[in-house]
Structures are given as structure tokens and as C-alpha cells.
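This report examines salt bridges, helices, the nonpolar core and a surface patch in turn. Please consult the sequence and the structure while reading.

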Amino acid sequence: MHARHGSTGPVARRYVVAFVAVLAVHLVLLAADLAPWDSVTKCLLAPVLVAWVVAERGPGLLVAALVLCLGGDLLLEVDGLFVGGMASFAGAHVCLVTLFVRAGAGRERRPHPLLVVTYLLAGVALVAWAWGGLAADLRPVVPVYAVLLLATAVTSSCVDVLAGVGGALFLVSDGLIALG
């Protein structure tokens, strides 16, 4: 993906420390149900990652994906803008899949068939489980979003272990949201 992928220099360490600190505070606030502060820390996570990628001169598509994730997080915090938040996250998935394909996913490295089947079954099961409780305006977009989410998880697994874990965590995170 990028020559500096996996950098552990002093700049990278500062951003890792900042991200872990914000994440730890977020998880504490979330566990304590301290709204709206948990929303504030949630919306600080992506900008820390954007700063890290920019400082490391990382891929522009990754920066775009993270900015779109921030947009999604912000929109999901506003009543009535859930579909807008999903659209922002969908844009992030398009950026990530493009980044992973450009890094050789599917062309130079193929996903493991068992992983693809597992992700596909999980995606279909989640959409089917959530379908009955979906509002009418979400029914057209949820399957499209699920395909993008699955594409991110599958293509990330072709890049390297860290990217694959990230794609899997994105899938698990959104799966937990779908499960309520």
C-alpha cells in the first residue's frame, strides 16, 4: 500500500499513543453511559488517524476514507441523518476497497475462499436478521451498504494481516450496531 506502512518511528508512536488514549477515554465514557461526551471522543478518533496518515505521508485514499468515517460518525449523532451517516461510511468503503485493489487485492493476492464464504454468510444473516425491523427508507440502502462492508473486509484480507484485521473489525463493529 505504502512504503511507510507499519512505521514505528517517533512520529508514529506519538499518534499511536494519542489514538490509544482517546480510545481508552472513549471506551470509559461509553461504558459509563456519559453522553454526549462519548460522542465527542468517538468523533476524535478519525481525526487522530487522519493526522497520523498525513504525518506519515500515507495514501490519499486512506485520508479520504478516514475523513468520510468522521463525517459518518458526526452525521450519526444527529437525529434524522442516519442515512447520510451511512452514505458517508459507504463512501469510506469505496475509498478503502479502491485502495486495497490498487495494493493488489484480488489481482496479486486472492482472498481465502473460506473467509469469503464466512463473511458472505455473516452479511446475509445480519441483513436478514435486521430486515424486519428496518424503516422503509433503510431497506434500499442496507443491502448496498452490506455489500460495500463485505467488499472492504474481503479486499483488506488480501493486503496484509493488519489491514485484514482492520477490515474484520469494521465488519464486526457494524454487525454489532445492526444487532442493536
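## The Glu77–Lys42 salt bridge

Glu77 has a relative accessible area of 36% and is therefore partly exposed. In this predicted model, the side chain of Glu77 forms a salt bridge with Lys42, and their closest N and O atoms lie 2.6 Å apart. The pair links distant parts of the chain, as Glu77 belongs to the loop between α3 and α4 whereas Lys42 belongs to helix α2, 35 residues apart. Lys42 also counts as partly exposed, because its relative accessibility is 22% and the buried class is reserved for values under 20%.

## The charged network at residues 107 to 109

A search of the whole structure finds 3 salt bridges. Apart from the pair described above, Glu108 forms a salt bridge with Arg107, with the closest N and O atoms 3.5 Å apart. Glu108 also meets the side chain of Arg109 in a salt bridge, at 3.4 Å from N to O. Arg107, Glu108 and Arg109 are thus linked in a network of salt bridges.

How exposed or buried are the members of this network? Arg107 counts as exposed at 52% relative accessibility, and Glu108 is exposed as well, with a relative accessible area of 53%. Both values pass the cut-off of over 50% that defines the exposed class. Arg109, with a relative accessible area of 31%, is partly exposed.

## Helix α4 and its surroundings

Helix α4 has 21 residues, which at 1.5 Å a residue should span 30 Å; its end C-alpha atoms are 30 Å apart, so the expected and modelled lengths agree. The buried residues of α4 are Gly85, Met86, Ser88, Phe89, Ala90, Ala92, His93, Cys95, Leu96, Val97, Leu99 and Phe100. These buried residues pack against α3, α6 and α7. Just after α4, Gly104 takes a positive phi of about 110°.

Leu76 lies in helix α3. At 30% relative accessibility, Leu76 counts as partly exposed. Which residues does Leu76 contact, leaving aside its neighbours within four places in sequence? They are Phe82, Gly85, Met86 and Phe89. Leu76 and Ser88 are 12 residues apart in sequence, and their C-alpha atoms are 9.8 Å apart in space.

## Helix α6 and its partners

The 16 residues of helix α6 (residues 141–156) should span 22 Å at 1.5 Å a residue, and the end C-alpha atoms are 22 Å apart, which agrees. In α6, the buried residues are Val142, Tyr145, Ala146, Leu149, Leu150, Thr152, Ala153, Val154, Thr155 and Ser156. They pack against α4 (82–102), α5 (113–131) and α7 (161–179).

Thr152, found in helix α6, is buried because its relative accessible area is 2%, within the limit of under 20%. Not counting residues up to four places away in sequence, Thr152 touches His93, Leu96, Val97 and Phe100. These four contacts of Thr152 are among the buried residues of α4.

## The largest nonpolar core

In soluble globular proteins, nonpolar side chains tend to be buried together. The largest nonpolar core in this model has 28 residues, of which Phe100, Tyr119, Val142, Tyr145, Phe170 and Leu171 touch the most other members. Helices α3 (60–76), α4, α5, α6 and α7 each supply at least two residues of this core. The largest share, 8 residues, comes from α4.

Tyr119 illustrates these contacts. Not counting residues up to four places away in sequence, Tyr119 touches Leu150, Ala153, Val154, Gly164, Ala168 and Leu171. Of these contacts of Tyr119, Leu150, Ala153 and Val154 are listed among the buried residues of α6.

## A nonpolar patch on the surface

Which residues form a nonpolar patch on the surface? The patch consists of Leu34, Trp37, Val40 and Leu44, which together have about 390 Å² of accessible area. Leu34 lies in the loop between α1 (10–31) and α2 (37–55). Leu34 counts as partly exposed, because its relative accessibility is 39%.

Note on methods. Residues numbered from 1 in each chain as written. Predicted model: local features only at pLDDT ≥ 70, side-chain atom pairs only at ≥ 80, totals over all residues. Heavy atoms only, no water. Helix = DSSP H or I, 4+ residues; strand = E, 2+ residues; numbered from the N terminus. Expected span 1.5 Å × (residues − 1). Buried < 20%, exposed > 50% of the residue type's maximum accessible area, 1.4 Å probe, protein only. Contact = heavy atoms within 4.5 Å. Core = buried A, V, L, I, M, F, W, Y, C linked by side-chain atoms within 4.5 Å. Patch = residues over 30% accessible without salt bridge, like charges linked within 9 Å, V, L, I, M, F, W, Y side chains within 5 Å. Areas by Shrake-Rupley, 256 points an atom, 1.4 Å probe, with all protein chains shown as cover. Salt bridge = Lys/Arg side-chain N within 4 Å of Asp/Glu carboxyl O.
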